[in-house]
Every structure is written in structure tokens, then in C-alpha cells.
Amino acid sequence: MALTPFRFLSTTAIMLSFLAAPAALAEEPAVTTPKQNLPAIVITTATMRKLVDRVVATGTVKAVEEIYIQPQVDGLSIRSLNADVGDKVEANSTLATLNEDALILQKSQMQATRAKGEASLAQLHAQLAEAHANAEEAELQRVRAVTMGAKGTMSTSSVEQANASAAANKARVGSAEQAIAVAEADLKVTDSQIADTDLKLARTGIKTPVAGTVASRNARVGAIANGSGDPLFTIIRDSQLELVVDVSESDITKIATGQKALISLSGSREKLGGTVRLVAPVVDSVTRLGAVHITIDEGDKARAGMYGSAEIVIRQEEGVSLPLTAVNSDENGSSARKVENGVVKFVNVETGIQDGAYVEILKGLTAGEDVVAKAGAYVRDGDHITPVRETPQASN
């Protein structure tokens, strides 16, 4: 029986499909395992760096010591002024003079009183000499009368009169001596008054006991000097100025006298050197701040009342350091994420000095080791990463 055309075509199609199958299989690509994509994390390296532990605080420039100049003689008018605000003055220099006319008149009167007292004293000395002579004569008469009375050649009443006369003359001698003592005391009082007037005359020149700069002047020509009022002059002793800054209670314990500081004054780009002179022994109970006094080395470049800031150098060290961003700190301490062969490893570190954007690493890392640059990066201990070296920032 002959084959039908349909079956012939079907058999032929099957054979063609069979022959074409190996070619189709050869063209199919081979199946491969896909490569894992690791996260790219920026890393930084722990390096040796010189770090400075410093305390920064702000305050006001003040005089180290102010000397108030007051008149030592009251009630006299100011005749002339020899110094003005800002002048440099030497010790014992005269800043002002007072009108001395009234004192000169008083001294003249006292000198006249003394001359009168000396004349009275001379007269009393003469009276004393006369009293001594009379007393000696009366004593001789008394002795004679007593002798004659004993022999019966003089009456008892005459003897008694001679005794009374001798006693009276002796009393006059004592009275004259007391009058001389009073006169001499009066002369001493007059002498002391003259000396006091001389002292006041010497003090009519108002002088400064120390050298320095005149900070203020309240004296006016013609005004009456009064020691109980405002000071006539205020002197900055030796022209020394200091910056008084307020420091928090957590930092003030690190500051000690003798430490160096860099001072920046308002309106000036120049930094001045300074030295810690005094650290307040108490901290304000409300503000929790304590005062630190820093002497300014170049005081002529500052003015009292200026606002300024100071960087007090506590200590300097050279050690292993990391950027602050690479260290994570919490209640459990500080830690970093060290990277070894692309694997993250958490390490606990002990930090020291913080200087700007860097912190000292005392324990936990050594120089040259890599760590994750951002401590807050989402990586876990043991993660595999693709380290990317941190690019240094361009400086201005």
C-alpha cells in the first residue's frame, strides 16, 4: 500500500528536527555562579600625630592690680594737674598739686605761738631761779632761828615763822618747776602741730607710690580734694593687664598656674602670649564656672575692658590618632571598626587628648592600622567590605 503524502511529510519533519537538535544544544550558553557585590566602605588609617590638650574660654581684659590715688590732705583745692589718662608714670611722680596757702598761714601762726611759748618759758626759768634763791635764804633763816630758839635767845613764835617761811619758799620752787614743765609741754605740742603742718605741706603734691599707666582721672582743677570721695587717679600697676576667663568646673581642675596660653582679642587677628597667673579656688554654685587669670605678655597691645578668648595649653603629646568620626563613644566606652583584609572587626579603644578633629588612641590600635572612617557606618563585626581609601580634603 502506498504512503500518503501527510505521513511522508511528518516523517521527514521528525528527521530534520532530530538532525538539527545537536546544533541547538551547542548554541545554548553555559550556566555560571554570579559574583557577590560587597559594599564599598570608606576607611582611614591610624597615624602618629602631635596632639595638644587645650581648654578654650572667653572673658574680659582687666588690670592685674589697680592703685587708687587719694588726697592725703582734705579741704584744699586742686591747683594743677600733671598727668592725664593713658600717661605712663614713674613711682613717686607728682600727679597733681594742692593749694598750700592755708597751710602756710597755719604754720606761721604756730611758729608765732611757739615763739611766745619760748618767751614764757624763759620767764618761768627766771622765776624758778628767784624761787630757789628765796628758798635757800629762807632755809638759812630757819636753821638760825631753830638754833637760837634752842638757846633761848629767840621766841618760839619767831622760830615757827621761820619754819613756815622756809616751807612756803620751797613750795614756790616746786610750783615754778611745774610751770616750766607745762610750758615745755606746750612747746612740744606746738612743735608737733608745726611738724603736722609741714607733713601736710609735703603732701600737697599728690604722688603715685608705684609706676604704671593712668587708667582714669577724676581730679579737676579748682575742686576741693576729699579723701572719702572717688579716687582722684586710678593707676594700672606696672601697666600689667590680664585676661580673666570663665572656665567650666570640668576643665578648671586641669588648669594650673604657669601654663601657657594663646590670647585672641576682639578686633585683632594677632595672637598674644600669656601665662596662667591665678586659678580661682572656688566655682560659682549657680553658673558652675570658675575664674582663671591669664597675664598678657604684651600688655601694651591690649586695653582694659576688651573682650577676648584664650587657648590654655594643658599638655602636648605625640601618639596614635584617629579622626573623631572613626571613634564611637557610648556608656560602655569607646570603640572603632578595624579593617583587616576586607573584614570588619570591632575593637575597644581607650582615648586620650582630643585636639580639633582628631583624638588620641592610647590602647586598642597601633599606627598604620585601617579603620572604618565613619563609626556610624552600617557594618557589623565580621562583615566583608570593599575598602575605599579616604580622600584628603583640599585645604584653603
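**Reading a predicted fold, feature by feature**

Me: I have read that L324 has a relative accessible area of 32% and is therefore partly exposed. Where along the chain does L324 lie?

Reply: Before we look, keep in mind that this is a predicted model. L324 sits in a loop, the one that runs between β14 and β15 (328–330). The label "partly exposed" follows from the value of 32%, because a residue must fall under 20% to be called buried and rise over 50% to be called exposed.

Me: Which residues is L324 in contact with, once its neighbours within four places in sequence are left aside?

Reply: The partners are Q354, G356, A357, Y358 and V359. A related way to read the fold is to compare separation along the chain with separation in space: L324 and A375 are 51 residues apart in sequence, while their C-alpha atoms are separated by 8.8 Å.

Me: I would like to try the same reading on I224. Is I224 buried or exposed?

Reply: I224 counts as exposed, because its relative accessibility is 55% and the cut-off for that word is over 50%. I224 belongs to the loop between β8 (212–217) and β9, and, apart from neighbours within four places, it is in contact with G75, L76 and S77. From I224 to P71 the C-alpha distance is 9.9 Å, although 153 residues separate the two in sequence.

Me: How should I read such pairings for the protein chain as a whole?

Reply: One takes the contacts between residues at least 6 apart in sequence and asks what share of them join residues at least 24 apart, which in this protein chain is 76%. The secondary structure behind these contacts comes to four helices and 20 strands, and 31% of the 396 residues count as buried.

Me: Which residues have the most contacts inside the largest nonpolar core?

Reply: That core has 23 residues, and V245, V247, I255, I263, V292, I294 and I312 are those with the most contacts inside it. Several strands, including β2 (47–63), β10 (241–248) and β14 (307–323), each supply at least two of its residues. If you choose I312 as an example and set aside its neighbours within four places, you will find it in contact with, among others, D53, V55, I255, V276, V292 and I294. A second, separate core has 20 residues, among them I69, A83, L98 and A225.

Me: How do I describe two helices that pack together?

Reply: Two packed helices are described by the angle between their axes and the distance between the axes. Here the axes of α2 (residues 101–151) and α3 (residues 156–202) come within 7 Å and cross at roughly 165°. The two helices are therefore roughly antiparallel to each other, since that term is used for angles over 145 degrees. Their crossing is left-handed.

Me: Finally, what is the phi of D238, and where is D238 placed?

Reply: Phi of D238 is near 55°, a positive value in a residue that is not glycine, and D238 is found in the loop between β9 (233–237) and β10. S239 lies in the loop between β9 and β10 too, and it has a positive phi of about 60° although it is not a glycine. As for exposure, D238 has a relative accessible area of 45% and is partly exposed; S239, at 21%, also counts as partly exposed, because buried would require a value under 20%.

Key:
Residues are numbered from 1 along each chain as its sequence is written. This is a predicted model: local features need pLDDT of at least 70, side-chain atom pairs count only at pLDDT 80 or more; totals for chains, interfaces and linings use all residues. Side-chain values use heavy atoms; hydrogens and water are left out. A nonpolar core is a set of buried Ala, Val, Leu, Ile, Met, Phe, Trp, Tyr and Cys residues joined through side-chain atoms within 4.5 Å. Buried means under 20% relative accessible area, exposed over 50%, partly exposed in between (1.4 Å probe, protein chains only). Contact means heavy atoms within 4.5 Å. Axes are lines fitted to C-alpha atoms, for helices over the stretch in contact, and angles run from 0 to 180 degrees between N-to-C directions. Angles under 35 degrees count as roughly parallel, over 145 as roughly antiparallel, 65 to 115 as roughly perpendicular and the rest as oblique. A crossing is left-handed if the near helix is turned anticlockwise from the far one by less than a right angle, and right-handed if clockwise.
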